[in-house]
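Thanks for sharing this one; here are a few notes to read alongside the model. I have kept them short and grouped them by region.

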Amino acid sequence: MSGIKSDTAIKLPISFILCALVAFVTSLFILLVNSQELLAGQFRFPEIWMGAHFLLLGFAVMIAMGAMYQLVPVAFLTPIWNQSFGFVQFYVTVVGIIFLSIMLGINPSLAIYGGILTVIGILMFTFQMLKTLAKRKENTAMSHLVLAAILCFLLTILAGLSLTWNFAFGGMANHSSILYSHIAFGVAGWFTLLIFGFSYKLVPMFSLSHGASMKRAKPSFYMYVFGLLLLILSFWLNQSFIQPLSWLFLLIGFGLFALDIKEILTKRLRRKLDKPFHFATLAIINGWVIHVAAFFISLFHIDDPVIWSWLIFLYIFCWIIFSILGYLFKIVPFLWWTHKYAERIGKESVPTLKEMINEKVSGYLFIVFYVALFGILISTSIQSGVTLFFFLAILTVNGLLYALSIVAVLFK
Ligand code: HEM
């Protein structure tokens, strides 16, 4: 009986993760074939919308969902409310995301139908998580972060649905304000708050750290959420002084989170951090630098949409996607090892957790991700189409190798 139960329990997160890896490689390939639009700084373009949603919904959201199905029961000591409902939610979400992303690329006026299906899948996921979290024993800074992230997720999809409605039927005058709010709620609200929340659990766990105060978790949360609300307000009120102020609060919130993580790491027992974990924590420094840049760019009232588009690109890749890529290399081996070997330990010879991944290979993959991103940035600065294509090709091939090395863990 327990065998059947644990099989079901692992099938759900693994299904999400495998689909997400396919979407990841697809999104990189779409960016590659549209390198000319990127070179021109044109992000509001159907093919780029398609690539962006394969990346953000198909990859990042699917990973977040798979990880939450696995981590929420561990972190909050409560079982998932309903596993079968989870599988229905999985299929609805996958079909919805594929349909939405493809339609955004080839016929945006039909994207609303994929959008409705995606929103239903996401609402089912939210319902499942709220039902699960309702059974938690205590309220912590982490539960605040996760709940606020889920709320931002709902606002993101509401705004997204309005945008697709406007493509199909028109009638909404504030399309740009809705789009900016959609992006801010999605990337800074949903993803950032979720990564904050899970980092408070994962960083001590992976570095074997005890006794850190985590005293900045609450002020960081309030500062970041307040900054986010101010930022959204600035999109609707068009008051130029609000934006630098909002970035200041976002920067302070992010900085407090980074200081907490630094304190956790200084109190760690495991002196040598492994490469995937190193990569995930390095993403925090990237995130902080990008917040500093955004603050100064808004302070000097630089409104060039190309600069802001590239900043959002870097925010998404170097903070959100790099965090996910780093943690995934830790979560999947842990998940698979626990499923396959935890019960056999002591009875027969089983591989160690460390033997589940090829650390050396992961190190090369992570270095190449940085080289590719750096190359992409330099190529656009000097407006070189050839080198941009070259570095995007490196990013795509490296993404494929990354996906294959995660899949390889499941054969151990
Ligand atoms: C966490 C989920 C999501 C995130 C992080 C996200 C993020 C983004 C980003 C960054 C863009 C700008 C892309 C670009 O300019 O190339 C965008 C545009 C857009 N998104 Fe989303 N999105 C999410 C979910 C959705 C959903 C569920 C829908 C539909 C129901 C949607 C509909 C749209 C549309 C129609 C646009 C293009 C609007 C325009 O440029 O005029 N998004 N989204």
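1. A term to begin with: two residues are in contact if their C-beta atoms, placed from the backbone, lie within 7 Å. With neighbours within four places in sequence left aside, I242 is in contact with L230, L233, S234 and L237.

2. A word on the model, which is predicted: local features need pLDDT of at least 70, side-chain atom pairs count only at pLDDT 80 or more, and totals for chains, interfaces and linings use all residues. Numbering runs from 1 along each chain as its sequence is written.

3. I242 belongs to helix α9 (residues 242–266); helices are DSSP runs of H or I, at least four residues, numbered from the N terminus. Is I242 buried or exposed? I242 counts as partly exposed because it has 18 C-beta neighbours inside 10 Å (20 or more would be buried, 12 or fewer exposed, with C-beta atoms placed from the backbone). From I242 to K347 the C-alpha distance is 63 Å, with their positions 105 residues apart in sequence.

4. Do look at α3 (46–76). Of its 31 residues, 25 are buried, and the helix bends by about 35° at M68 (the angle between axes fitted to the seven residues ending there and the seven starting there). L77, just after α3, has a positive phi of about 50°.

5. Helix α3 also helps line the ligand: α3, α5 (111–133), α6 (141–169) and α7 (175–207) each give at least two residues to the shell. Among the 28 residues around the ligand, F43, G115, G160, L163 and G186 come nearest.

Definitions and conventions:
Near = placed C-beta within 6 Å.
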